[in-house]
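Please read this report beside the sequence and the three-dimensional model shown below. It takes up one helix pair before turning to the core, the ligand shell, the overall layout and several loop positions.

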Amino acid sequence: MNEDKVLDHGFIRLVEFMGGDMGVVCAARVSYGSGSKGEEKDKKLISYLLKHQHLTPFEHAVFKFHVSCPIFVARQWFRHRIGSYEMGGFDGSGLFESSGSAINEISGRYTEVPDEFYVPHQWRAPDPKNRQVSQAAPELDHERCTALVEKLHQQSYAIYRELLSLGVTREIARMVLPLSLYTQFYWTVNARSLMNFISLRADASAQWEIQRYAEVVADMFAQQMPWTWEAFLSCAWKGINAKINAERERCASSP
Ligand SMILES: Cc1cc2nc3c(=O)[nH]c(=O)nc-3n(C[C@H](O)[C@H](O)[C@H](O)COP(=O)(O)OP(=O)(O)OC[C@H]3O[C@@H](n4cnc5c(N)ncnc54)[C@H](O)[C@@H]3O)c2cc1C
């Protein structure tokens, strides 16, 4: 299983994958009763489809990810309705589905949640010109910020445990835990929706933390669907992300 670490305790695992570039090609050509016509023509077809917004063939390639991230990142992630989610620890609502993708999350009603909290490596400050963007801030008192948050984590987790030991049910005791707590979920999503996620969440306008997750998702996408990834970079990606923009330039300059 393909796994990448993200932030201090998070990860993304690619659990399952089906379809791929050839799945897109075959779906697009099914109306003509044909499949692959060789690498060059197939790559051209994928670029054509993306460029002209013929996007349903990309729905035949499907990824299932296992994600561990802070709750505040998961809240942003779950706004992406075209996907399926299974939540395994904190939310506890079980499966909820939206058309095209699914998420299930870990249930804090049924399991005692571990004391795994996100602490930023570097604290960031608001960009003075753009409210959606943050920036590195060496002038901040990083030690103080970290100490404050670590104290909160220790205190809130101690209260959580004490409530449990007093006999309070897990589903209500968890309310004292902060948004920095890690949660886990399964996310099944097709390549069309995945490209939308990368476009929105790998871009500099998204929160720094979810950008890191979107970059890992993009890497896994590129590995599984290299032709679609190249077409995405040249026809669809308009964002600002140093890593992805460097990749786009590398692809554009390669023969
Ligand atoms: C930088 C940034 C800042 C944000 N700030 C805020 C904020 O301040 N407040 C806030 O509430 N949200 C905010 N969001 C969330 C944002 O509004 C979207 O909910 C989220 O990005 C999901 O995008 P989406 O709808 O394209 O994805 P999906 O829900 O996965 O939908 C994918 C696509 O399917 C189509 N689609 C899905 N559902 C429908 C529908 N019901 N009707 C028509 N078409 C549909 C659309 O074409 C859509 O783009 C922010 C997102 C980003 C990236």
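## The α8 and α9 pair

In this predicted model, helix α8 (residues 226-236) packs against helix α9 (residues 242-253) at an angle of about 100 degrees, and the two axes lie 10 Å apart. Because angles of 65 to 115 degrees count as roughly perpendicular, α8 and α9 are described as roughly perpendicular to each other.

On the α8 side the contact is made by Glu 230, Leu 233 and Ser 234, while α9 contributes Glu 247, Arg 248, Cys 251 and Ala 252. Sorted by class, the contact of α8 with α9 comprises three nonpolar, one polar and three charged residues.

## The nonpolar core

In soluble globular proteins, nonpolar side chains tend to be buried together. The largest nonpolar core of this model has 49 residues, and the members that touch the most others are Leu 194, Ile 198, Tyr 213, Ala 214 and Val 217. Helix α7, which covers residues 208-224, gives the most to this core, with seven residues.

Which residues does Leu 194 contact once its neighbours within four places in sequence are left aside? With that restriction, Leu 194 is in contact with Phe 63, Val 189, Val 217 and Phe 221. Val 217 also appears, together with Leu 194, among the core residues that touch the most other members.

## The shell around the ligand

The residues around the ligand include a run made up of Arg 79, His 80, Arg 81 and Ile 82. The others are Gln 132, Ser 193, Asn 196, Leu 200, Arg 201, Ser 205 and Ala 206. By class, this shell holds three nonpolar, five polar and three charged residues.

## Overall layout of the chain

The protein chain has nine helices and eight strands, and its C-alpha trace spans about 65 × 45 × 30 Å along the principal axes. Of the 255 residues in the chain, 33% are buried. Among contacts with a separation of 6 or more, 60% are between residues 24 or more positions apart.

## Two positions in the loop between β5 and β6

Arg 109 lies in the loop that runs between β5 (102-106) and β6 (124-126). With 16 C-beta neighbours inside 10 Å, Arg 109 counts as partly exposed. The C-alpha atom of Arg 109 is 5.3 Å from that of Arg 170, although these residues are 61 positions apart along the chain.

Pro 120 is likewise found in the loop between β5 and β6, and it is partly exposed, since 16 other C-beta atoms lie within 10 Å. Pro 120 and Ser 180 are 60 residues apart in sequence, and their C-alpha atoms are 9.7 Å apart in space.

## Two residues with positive phi

Most residues other than glycine have a negative phi. Leu 7, a residue other than glycine, has a positive phi near 55 degrees, and its place is in the loop between β1 (2-6) and β2 (10-18). Is Leu 7 buried, partly exposed or exposed? Leu 7 is partly exposed, because it has 19 other C-beta atoms within 10 Å, whereas 20 or more would be required for a residue to count as buried.

Gln 53 also has a positive phi, of about 60 degrees, although it is not a glycine. Gln 53 is placed in the loop between α2 (39-51) and β3 (62-70), and it is exposed, with 8 other C-beta atoms within 10 Å.

## The loop between α1 and α2

Val 30 is found in the loop between α1 (20-29) and α2. With 12 C-beta neighbours inside 10 Å, Val 30 counts as exposed, given that a residue is exposed if 12 or fewer other C-beta atoms lie within that distance. Val 30 and Pro 57 are 27 residues apart in sequence, and the distance between them, C-alpha to C-alpha, is 10.0 Å.

Ser 31 lies in the loop between α1 and α2 as well, and with 7 C-beta neighbours inside 10 Å it counts as exposed. The C-alpha atoms of Ser 31 and Gly 20, which are eleven residues apart along the chain, are separated by 19 Å.

Conventions. Residues numbered from 1 in each chain as written. Predicted model: local features only at pLDDT ≥ 70, side-chain atom pairs only at ≥ 80, totals over all residues. Axes fitted to C-alpha atoms, helices over the stretch in contact; angles between N-to-C directions. Helix = DSSP H or I, 4+ residues; strand = E, 2+ residues; numbered from the N terminus. Parallel < 35°, antiparallel > 145°, perpendicular 65-115°, else oblique. Contact = placed C-beta atoms within 7 Å. Nonpolar A, V, L, I, M, F, W, Y, C, P; charged D, E, K, R; others polar. Core = buried A, V, L, I, M, F, W, Y, C linked by C-beta atoms within 7 Å. Near = placed C-beta within 6 Å.
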